[in-house]
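Student: I have a structure on my screen and would like to talk through how its helices fit together. Could you help me read it?

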Amino acid sequence: MGMRDRLQAYVPAIVLVALVAAIGLYDNTFFSSGNLLTIFADTMTLFLMASGVTFVIMIGGIDLSIQSVASLASCILAISLPRFGFGAVPLAILGGTVSGLLGGLVSTRLRIPSFIATLAVSGLVLSAAYWLSAERSINVSSEDSDRVLGWVVGETAGVPNEIWLGLAVLAILSGLFGLTPFGRLVRAIGSQERAVMASGIDVNRTKVAAYALSGTMAGVAGVVMGARLGSGSPTLANEFLLPAIACIVVGGTAITGGVGSIWRTFVGALIVQVVRIGMTFVGVSAFAQQIVFGFILVAAVAATMDRGKIFVIK
């Protein structure tokens with residue numbers, strides 16, 4: 001790794017520190033322990049949703065179905081809790097896995113660009129969520145929440161359980177990415193897919209697995225959102241797609257694939273959350289925040305894209 005690459009790898013962390021310092025100078029209460037724990041807890045939902053998509057982007061694809069998948073998972077959770085208890089949690093996550101698997105199969109088997117395949121799956125998943133919920137929000141009773149979802153909404157050692165869950169996912173997915181043949185294949189496919197194919201490896205199998213993992217993590221994010229908000233809804237995660245993609249590329253993962261890590265996505269999620277808080281402090285509306293995230297996404301893609309892989313922009 002050259003000096004330029006080393007500097008580029010540290011830029012997200014430097015930006016995060018600068019943003020935190022700027023907001024702390026603007027409002028001294030920002031550095032209170034309660035506020036910092038709240039920020040970390042709120043960041044984890046975004047990180048969970050973005051963590052799986054990191055694998056898809058690393059292979060050079062994109063998954064535009066994650067917000068619909070997360071909303072579907074929240075609906076499955078809310079509907080199934082009274083009948084199945086804790087069994088509703090793996091059922092909701094399984095719904096995410098199946099959705100991601102479907103997007104991967106459509107893209108690889110039919111040779112359709114990933115953004116079209118996952119956009120189509122997003123429409124199917126959204127329709128399923130509306131059908132399951134009868135086009136309404138489904139409340140989770142406090143009894144069911146206390147009995148089944150304490151591992152999400154409670155605290156352990158004074159720290160919100162969402163933070164422990166996010167850190168566990170960070171460790172597991174980092175190990176999967178850095179220490180397993182699957183992780184090495186993901187990086188290799190993103191860097192030199194033709195060379196991997198020439199070596200006789202089934203590239204499509206790894207791609208489908210990446211999409212399935214993306215759907216799984218979107219399902220986990222949907223479960224956490226449903227538990228935190230006490231309801232499931234087909235529109236629950238509607239505002240999460242753009243920030244999720246933004247935190248991946250802001251963290252330094254190249255949109256063209258081959259370069260990135262789960263740690264970078266984690267730092268990117270913190271950056272996006274701190275930017276969101278900063279905009280809230282200065283009175284920027286939620287709708288205007290989407291415009292800011294759009295600018296951030298364009299700037300991050302321009303900074304991280306490997307133009308050596310793309311000779312013609314279409």
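What follows is a friendly run of questions and answers about helix packing, the nonpolar core and a few single residues.

Student: Before we start, what kind of model is this?
Tutor: Good thing to ask at the outset. The model is predicted.

Student: How are α2 and α12 oriented to each other, parallel, perpendicular or oblique?
Tutor: Helix α2 covers residues 33-58 and helix α12 covers residues 262-281, and their axes lie 8 Å apart at an angle of about 135 degrees. Angles over 145 degrees would count as roughly antiparallel and 65 to 115 as roughly perpendicular. The angle fits neither range, and therefore α2 and α12 are oblique.

Student: Which hand does the crossing of α2 and α12 have, and how do the residues of the contact divide by class?
Tutor: α2 passes α12 in a right-handed crossing. On the α2 side the contact includes I39, F40, M44, L46 and F47, and on the α12 side it includes I262, F266, L270 and I277. By class, the residues of this contact are 13 nonpolar, five polar and one charged.

Student: Which helix gives the largest share of the largest nonpolar core?
Tutor: That core has 85 residues, and the members touching the most others are F47, L48, M49, F55, L77 and L149. In soluble globular proteins, nonpolar side chains tend to be buried together. Here the largest share of the core, 13 residues, comes from α2.

Student: Which residues does L149 contact, leaving aside its neighbours within four places in sequence?
Tutor: L149 is one of the core residues that touch the most other members, and L77 is another of them. With neighbours within four places in sequence left aside, the contacts of L149 are L77, L81, V89, V140, D144 and A227.

Student: How are α3 and α10 oriented to each other, perpendicular or oblique?
Tutor: Helix α3 (residues 66-84) packs on helix α10 (residues 203-229) at about 50 degrees, with the axes 7 Å apart. Their crossing is right-handed. Roughly parallel needs an angle under 35 degrees, and roughly perpendicular needs 65 to 115. The angle falls between those ranges, so α3 and α10 are oblique.

Student: How do the residues in the contact of α3 with α10 divide by class?
Tutor: From α3 come I66, V69, A70, A73, S74 and L77, which meet α10 residues including S214, G215, A218 and G219. Glycine counts as polar in this sorting. The contact divides into eight nonpolar, six polar and no charged residues.

Student: How does α8 lie relative to α9, parallel or perpendicular?
Tutor: The axes of α8 (residues 161-179) and α9 (residues 181-198) come within 5 Å and cross at roughly 70 degrees. That angle makes α8 and α9 roughly perpendicular.

Student: How many charged residues are in the contact of α8 with α9?
Tutor: L176, F177, G178 and L179 of α8 meet F182, G183, R184, V186 and R187 of α9. By class, this contact holds five nonpolar residues, two polar ones and two charged.

Student: Is T206 buried or exposed?
Tutor: T206 sits in helix α10. Leaving aside neighbours within four places in sequence, T206 is in contact with F182, L185, V186 and I189. Its relative accessible area is 6%, and because buried means under 20%, T206 is buried.

Student: How far apart in space are V208 and L102?
Tutor: V208 lies in helix α10 and is buried, with a relative accessible area of 9%. Not counting residues up to four places away in sequence, V208 touches L101, G104, L105 and T108. V208 and L102 are 106 residues apart in sequence, yet C-alpha to C-alpha they are separated by 8.4 Å.

Student: What about Y130, is that residue buried or partly exposed?
Tutor: Y130 is found in helix α5. Beyond its neighbours within four places in sequence, Y130 contacts E135, P234 and T235. Its relative accessibility is 31%, so Y130 counts as partly exposed.

Student: What is the phi of A157, and is A157 buried or exposed?
Tutor: A157 lies in the loop between β2 (155-156) and β3 (159-160). Although A157 is not a glycine, its phi is positive, at about 55 degrees. With 75% relative accessibility, A157 counts as exposed.

Technical notes:
Residues numbered from 1 in each chain as written. Predicted model: local features only at pLDDT ≥ 70, side-chain atom pairs only at ≥ 80, totals over all residues. Heavy atoms only, no water. Axes fitted to C-alpha atoms, helices over the stretch in contact; angles between N-to-C directions. Helix = DSSP H or I, 4+ residues; strand = E, 2+ residues; numbered from the N terminus. Left-handed = near helix turned anticlockwise from the far one by under 90°. Contact = heavy atoms within 4.5 Å. Core = buried A, V, L, I, M, F, W, Y, C linked by side-chain atoms within 4.5 Å. Buried < 20%, exposed > 50% of the residue type's maximum accessible area, 1.4 Å probe, protein only.
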